[in-house]
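This report considers the overall form of one chain and the strand pairing within another.

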Amino acid sequence: MKKKIALLLALVMIFSVFAVGCGGGDEGGDYAGTVKIGVFEPASGDNGAGGKQETLGIQYANYMTPEVEINGELYKVELEIVDNESDNAKGITAASNLVSSGVSVVLGSYGSAVSIAAGEVFKEAGVPAIGVTCTNPQVTAGNDVYFRICFLDPFQGTVLANYAWENGATKAYCLSKLGDDYSVGLVNYFVQAFKALGGEVVEEQFPNQNADFTSYVANAKSNGCDVFFAPVSTEAAALIIDQAAAQDLGMPMLAGDTWDSNVITGAAQGKDVEVVVTTFYQEGGNPEFDNGIKAWMEADSKMLENNGGNTDLAAVTAMGYDAYYVALEAIKTAGSTDVADVLAAIPDTTYEGVCGQVVFGENGDAVRDTAYVKKCNTETGAWEFVAAQSIK
Amino acid sequence: MEFIAKWLPYILAGISVGGQFALIAIGYTMVYGILRLINFAHGDMFMIAGLVMVYMATVLPLWVSVILVLIITVVLGCTIERVAYRPLRSAPRMSIMISAIGVSYFLQNMALYITGGLTRTYPTIDWLQKNITIMGASTKMVTIITPVLTIVLVIALVFLIKRTKIGMAMRAVSRDFDTSALMGIDINRVIAVTFIIGSFLAAVGSILYFSNYTGIMPTSGSMPGLKAFVAAVFGGIGSIPGAVVGAFVIGICENIIKGLGLTTFSDAFTFVLLIVILMVKPTGLFGEKNIDKV
């Protein structure tokens, strides 16, 4: 009896694998072939919420433009989406999967740490990768196949430090996550810039899986700081905001692009906190794109769920949208789906996206000189535009 | 006065988190006392209790959800015991331990599947989450409720073990498994009751813990679970007062260390404490050979 059940189960599994495998291949009669774009993003773990939002932008772009013309022939564009689980070790496995599935170019990842870890895999395989919102300099430094379309942390850190200083802060509390390249890196650049301006800093780090931020908030208060800088993952951020409200923090909270998410506005809504972030895109910057993607999300409850249950646009979604088109441009220029040709074509690719122009400069980083500063309106739970900041 | 103003927030946080660890630690220590099993799935059950609350509260009034969370967690605890541990009762102890690890990963991955990997926000229980000010330190109501509730529950539990028939049976089983079976004690019933109590306390702990730290991920249970386990070992595994004292010590020390500015080392402290206690006093603070192990 048991053997029969086991056999049956095994058969079911085999057939289901077979069925899934066959699903994709049938369509595309009008196409000369398929080109695969890898999406290397977290869908779970610390950065799951942000990764899903970035993926949404890519998916929407794919929905709008599901084909690309290469040398006069029409190719179907297929997204190969993997979950790197916000984890450096698992990210490497996910990256290897992408490489072996024959993608022409990879987009991602949200979260610099996992991009740095996977960079080696892409480098070895010669697969070009385009970072969407990973801002740590080390992602592209010393890696010829990694490009990126966003600004970098030295820039972002300086913008934030300037903002804090101009708003009268003289002592900053800086919190980062132990072993997280993104937050540690950004805090470093912030500290450098803030000290250069003449400010004082208190730096602290919290370990992985920490949920108790009571003492960090208490430390910021007892050290007499006047700005709380914590560019950590949104998961931790929601807990920090909650705790800050509970203990009546009494100073503005400042963070980088990660915090530009409806997770943050959701956490801050109705609480007595002040949250300020720098980001890539301000909702309303391109009404056509805004309305299009909102309608698309509303039509599909799965997508709405991935965006956190409402249609508030995150900057990473807009960046993901741009990244997809940058990849298409590169493939067009290359005139081939071969990784080596695409890799050679990327540096000369330019694209005018919803988040501004993408031109690749040194190290394969995009040339960007503007960040948008936004503030959370805790009554309505929406972001309010403060200023566009540039540095010379 | 200034000294108090500086340290009170840390002490309060420590006592509160200590109380929550204590409620989890009791589950570890009781199961170990009876079955000699470290129930690795306990921390994840704590997380599941949190998730159940999240989903219940979207459709039901809060007080109904709270009651249902307690019931569902207890049912889940008993089911795990029935399905994953009872069939292995006569197997070597290592097999049942590995089964516990399997259950732990199963629960985590099930939560990953259900939540889609995103953090869920715990519903607001106004009464627990409202802000209060104690001697200048602003905190949540739950910070004060936790230690009180923990101590009340522990006293009730000790009473149950010392004064009731089932308590006597539990003490007997923890002394000698086979002999008590020979004396006509229904072992399965005693074990089921142990899991009921453990799960119930974990559910109460989860309501208090997640009211304070409001985000739930599939891995949210592992760190509190691990620390509660250290607390149970520190206090002497098998001893209920030991687990409670251990949990408070760990909670308070961790927060004081953070207050000293050594934030990076707060977790390291907990695990160094585990190593030191195992080297110096392997039976823990209260884990004497002849103590009632329940």
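Of the 294 residues in chain B, 56% are buried, that is, under 20% relative accessible area with a 1.4 Å probe and only protein chains counted. The model is predicted, so local features need pLDDT of at least 70 and side-chain atom pairs pLDDT 80 or more, whereas totals for chains, interfaces and linings use all residues. Residues are numbered from 1 along each chain as its sequence is written, and chains are lettered from A.

Chain B contains 12 helices and 4 strands, taken as DSSP runs of at least four residues (H or I) and at least two (E), respectively. Its C-alpha atoms fill a box of roughly 60 × 50 × 35 Å along the principal axes. Among the contacts in chain B with a separation of 6 or more, 75% join residues 24 or more positions apart; a contact means heavy atoms within 4.5 Å.

In chain A, strand β14 (residues 371-377) is largely enclosed by the rest of the structure, because 5 of its 7 residues are buried. Its pairings, each requiring at least two DSSP bridges, are as follows.

| Partner of β14(A) | Sense | Bridges | Residue opposite A:Val373 |
|---|---|---|---|
| β11(A), residues 275-279 | antiparallel | 4 bridges | A:Thr278 |
| β15(A), residues 382-389 | antiparallel | 7 bridges | A:Ala387 |

The hairpin of β14(A) and β15(A) has 4 residues between the strands, and A:Gly381 takes a positive phi near 70° there.

Key. Heavy atoms only, no water. Buried < 20%, exposed > 50% of the residue type's maximum accessible area, 1.4 Å probe, protein only.
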